[in-house]
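I opened the notebook to look up how the sheet is built and what surrounds the ligand. The entries below follow that order.

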Amino acid sequence: MKTIVITGGTDGIGRGLAEHCLDDGYDVLVVGRSEAKGEAFASLSEHAHFLPADLSLIEANRRVIGQIAERFPKIDVLVLGARYHRSARTVTGDGIESNFALFYLSRFLFSHGLAGPLRRAEHPVVLNFGGAGLTTPIRWDDLQLEHGYHGVSAMGHAGRLNDLLAVDFLDRHADTDIRYVINLPGVVVTSFAGEYEHSPVTASQVEELRVVGKPVSQAVAEILPFLRPGGDRLTAVREGRRLALEPSAWDATEARRLHDLTQAVLAEHDHRTVRRQL
Ligand SMILES: NC(=O)c1ccc[n+]([C@@H]2O[C@H](COP(=O)([O-])OP(=O)(O)OC[C@H]3O[C@@H](n4cnc5c(N)ncnc54)[C@H](OP(=O)(O)O)[C@@H]3O)[C@@H](O)[C@H]2O)c1
């Protein structure tokens with residue numbers, strides 16, 4: 001039996017994919033914060049599973065990654081979709097900017113942390129909702145957006161970081177068959193999880209998106225062909241169409257630089273944790 005793990009699988013496109021894969025005979029594990037949504041999903045079938053976690057926190061990611069690896073020695077598909085819009089800059093309990101933490105760092109930890117179980121699948125694939133080649137400049141000196149924060153551009157910035165995560169991940173796991181698909185689905189009517197109260201403009205834009213967006217079922221149908229076996233190791237998809245990989249957006253040197261900076265953030269977190277425990 002095939003296994004799919006979906007962060008942000010309790011709602012939106014993640015939930016749509018979860019239901020589709022359940023119908024398709026997969027064991028499906030969703031991770032999210034809402035116990036009510038997660039348990040509603042788990043009640044659908046003995047093959048539907050839920051793990052609650054606040055994935056904006058480093059130790060919560062490590063805990064669930066450990067639990068997942070123990071429960072599923074082989075993972076066929078890993079979907080990274082948890083997100084939460086913040087119209088005002090917020091830091092997590094770890095002191096990390098919230099988009100960096102949830103939209104990027106959690107996906108970094110899941111990608112690398114579940115590479116072992118992915119390796120054991122015949123045609124493993126990671127699906128990450130990133131920028132898919134957006135050329136938003138990376139704020140190398142301000143990755144956690146302390147200056148000039150805007151909620152919408154913060155998500156765009158995190159999308160770009162996820163594109164580079166894909167490049168570096170594939171470099172580091174070059175001896176495996178793991179494929180990485182980066183998807184930008186276009187406007188999809190979902191829960192648009194987030195708080196918008198500090199930006200009435202964004203709040204009203206989201207209301208408009210609810211009117212013009214496509215249904216989750218369409219977003220799911222557009223991405224499914226790219227999860228099937230075959231295809232390149234790295235694929236960028238926007239609204240169901242495969243994109244050419246422009247070298248400027250998928251630069252291996254930038255990707256390594258981001259990896260090193262990410263490791264420094266994690267090392268600082270671990271150092272602080274040890275100091276607190278002394
Ligand atoms: N919808 C669009 O128009 C659109 C456009 C471009 C890109 N995307 C991308 O597509 C992906 C899916 O988006 P969506 O709109 O389908 O999602 P959504 O409906 O907004 O749902 C967000 C998901 O993230 C989970 N989540 C939020 N905060 C979390 C936390 N701290 N810890 C764990 N889980 C958390 C939520 O779980 P709980 O509710 O259980 O907490 C929920 O399952 C995202 O990466 C998004 O950026 C979407």
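Before reading the sheet I fixed my terms: two strands pair if DSSP finds at least two bridges between them, and strands (E, at least two residues) and helices (H or I, at least four) are DSSP runs numbered from the N terminus. I keep in mind that this is a predicted model, in which local features need pLDDT of at least 70 and side-chain atom pairs count only at pLDDT 80 or more, while totals for chains, interfaces and linings use all residues. Residues are numbered from 1 along each chain as its sequence is written, and side-chain values use heavy atoms, with hydrogens and water left out.

Sheet. I looked up the pair β7 (residues 179–184) and β9 (residues 234–238), which runs parallel over 5 bridges, and found V181 opposite T235 in β9. The open sheet has 8 strands with mixed pairing, in the order β3-β2-β1-β4-β6-β7-β9-β10. Its edge strands, β3 (48–52) and β10 (241–243), each pair on one side only.

Ligand. I then asked which of the 29 residues around the ligand (a heavy atom within 4 Å) come nearest, and noted T10, I13, K37, R83 and T190. For polar contacts (N or O pairs within 3.5 Å), I noted that a polar side-chain atom of T10 lies 2.7 Å from a ligand oxygen, that a backbone N or O atom of S34 lies 2.8 Å from a ligand oxygen, and that a polar backbone atom of G186 is 3.4 Å from a ligand oxygen. Among the elements, α4 gives the most to the shell, with 3 residues.

Conventions. Polar contact = N/O pair within 3.5 Å; in protein donor to acceptor, adjacent residues only side chain to side chain.
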